Amino acid sequence: MSKITAAITAVGAYVPEYVLTNEILETMVETNDDWITSRTGIKERRILKDPDKGTSYLAIQAAQNLISKSNLDPSEIDMVIVATATPDLPVASTAAYVATTIGAVNAFSYDLQAACSSFLYGMSTASAYIASGKYNKVLLIGADKMSSIIDYTDRTTCIIFGDGAGAALFEPNEEGLGLQDEYLRSDGIGRNFLKIEAGGSLLPPSAETIANKQHYVYQDGKTVFKFAVSNMADVSELIMKRNNLTNDDVNWLVAHQANKRIIDATARRMQLDDSKVLMNIQHYGNTTSATLPLLLNDFESKFKKGDNLIFAAFGGGFTWGSIYLKWAYNA
């Protein structure tokens with residue numbers, strides 16, 4: 001009997017209509033297009049402006065896009081994982097609401113939070129459920145409404161983040177396609193450098209925490225950049241060596257879209273030609289849990305069955321890792 005692996009069999013995505021350009025940001029904070037572009041590679045990002053819509057709205061739209069593209073019956077979905085750093089509510093599961101809304105009435109569901117590594121970690125989780133033989137269709141959604149936790153008077157963070165969602169369906173495969181290997185890491189030192197200070201059990205909400213803007217993302221940019229560059233490159237190189245892959249063997253680098261310089265550094269370490277490096281950061285900025293599935297959706301037409309994809313991500317915590325996956329279908 002062939003070994004069961006977990007393959008991605010369909011993808012979908014959604015980004016809000018409103019486009020926040022660098023030129024608009026110039027009217028909000030002291031910055032300019034040249035500075036933002038040269039340091040991050042970002043030209044614009046999408047923002048969900050409707051105050052009555054949260055991360056679940058983005059996730060539902062991405063899931064429905066996947067369902068309609070693949071003619072999937074949502075009642076056949078066994079489980080739904082929503083990878084997110086911005087759940088709708090602190091306690092009630094966003095994934096449970098998403099699953100019910102999309103008609104995945106036979107699925108169980110939960111949220112997964114590992115900051116910008118959430119979707120990467122979710123790939124490992126979804127694949128393990130499939131490989132167990134107990135589940136046949138696992139829907140993994142990466143979604144974040146980052147605009148809900150960004151201070152738009154803070155030029156160090158407001159230029160980076162955007163809103164969006166992407167989804168991937170994992171199913172069993174007996175052809176040796178799908179997830180091949182993973183190397184996932186974390187280090188609690190990161191909690192000092194990338195965080196939201198208030199709103200959790202350590203520092204509950206109060207008039208003082210709101211006045212001090214402690215419910216917005218804080219980032220020590222230089223430290224995070226240094227850790228991200230070295231660690232994303234390290235794990236991507238390691239996963240190649242561990243699987244005897246040369247730069248010729250790798251078809252695509254699917255890297256977290258936080259900063260173009262970090263992506264470029266990772267590609268250089270892997271000795272990859274620029275044509276193999278997927279990039280859409282210029283359009284969306286850093287959408288946190290949504291970056292990897294947005295890349296899959298945007299570049300789906302380029303993938304061929306059997307292509308070798310290397311995924312890499314780095315996020316708050318710190319969390320990071322790399323996954324080697326063989327693509328399972330021709331679009």
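The questions and answers below go through one sheet, one helix and one residue of a predicted model.

Residues are numbered from 1 along each chain as its sequence is written. In this predicted model, local features need pLDDT of at least 70 and side-chain atom pairs count only at pLDDT 80 or more, while totals for chains, interfaces and linings use all residues; side-chain values use heavy atoms, leaving out hydrogens and water.

User: Which are the edge strands of the open sheet of five strands?
Analyst: Strands are DSSP runs of E with at least two residues, and helices are runs of H or I with at least four, numbered from the N terminus. Two strands pair if DSSP finds at least two bridges between them. The order is β1-β7-β6-β4-β5, with mixed pairing. An edge strand here pairs on one side only, and these are β1 (5-14) and β5 (108-112).

User: In what sense do β1 and β7 pair?
Analyst: Strands of a sheet pair through backbone hydrogen bonds, either parallel or antiparallel. Within this pair, G12 stands opposite A167 in β7. Over nine bridges, β1 and β7 (residues 163-173) pair in the sense called antiparallel.

User: What angle does the direction of α5 make with that of β6?
Analyst: Helix α5 (residues 118-131) packs on the sheet and touches β1, β4, β5, β6 and β7, where contact means heavy atoms within 4.5 Å. Axes are lines fitted to C-alpha atoms, for helices over the stretch in contact, and angles run from 0 to 180 degrees between N-to-C directions. For α5 and β6 the angle is about 165°.

User: How far apart are the end C-alpha atoms of α5?
Analyst: The expected span of a helix is 1.5 Å times one less than its number of residues. For the 14 residues of α5 that should give 20 Å. The end C-alpha atoms agree with this, being apart by 20 Å.

User: Is α5 largely enclosed or largely open?
Analyst: Buried means under 20% relative accessible area, exposed over 50%, and partly exposed in between (1.4 Å probe, protein chains only). The buried residues of α5 include F119, Y121 and I130. Ten of the 14 residues are buried, so α5 is largely enclosed.

User: With which side chain does the side chain of N286 make a polar contact?
Analyst: N286 lies in the loop between α10 (281-284) and α11 (291-298), and N286 is buried, with a relative accessible area of 3%. A polar contact is a pair of N or O atoms within 3.5 Å; within protein, one must be able to donate a hydrogen and the other to accept it, and residues adjacent in sequence count only if both atoms are side-chain atoms. At 3.5 Å, the partner of N286 is the side chain of H256.
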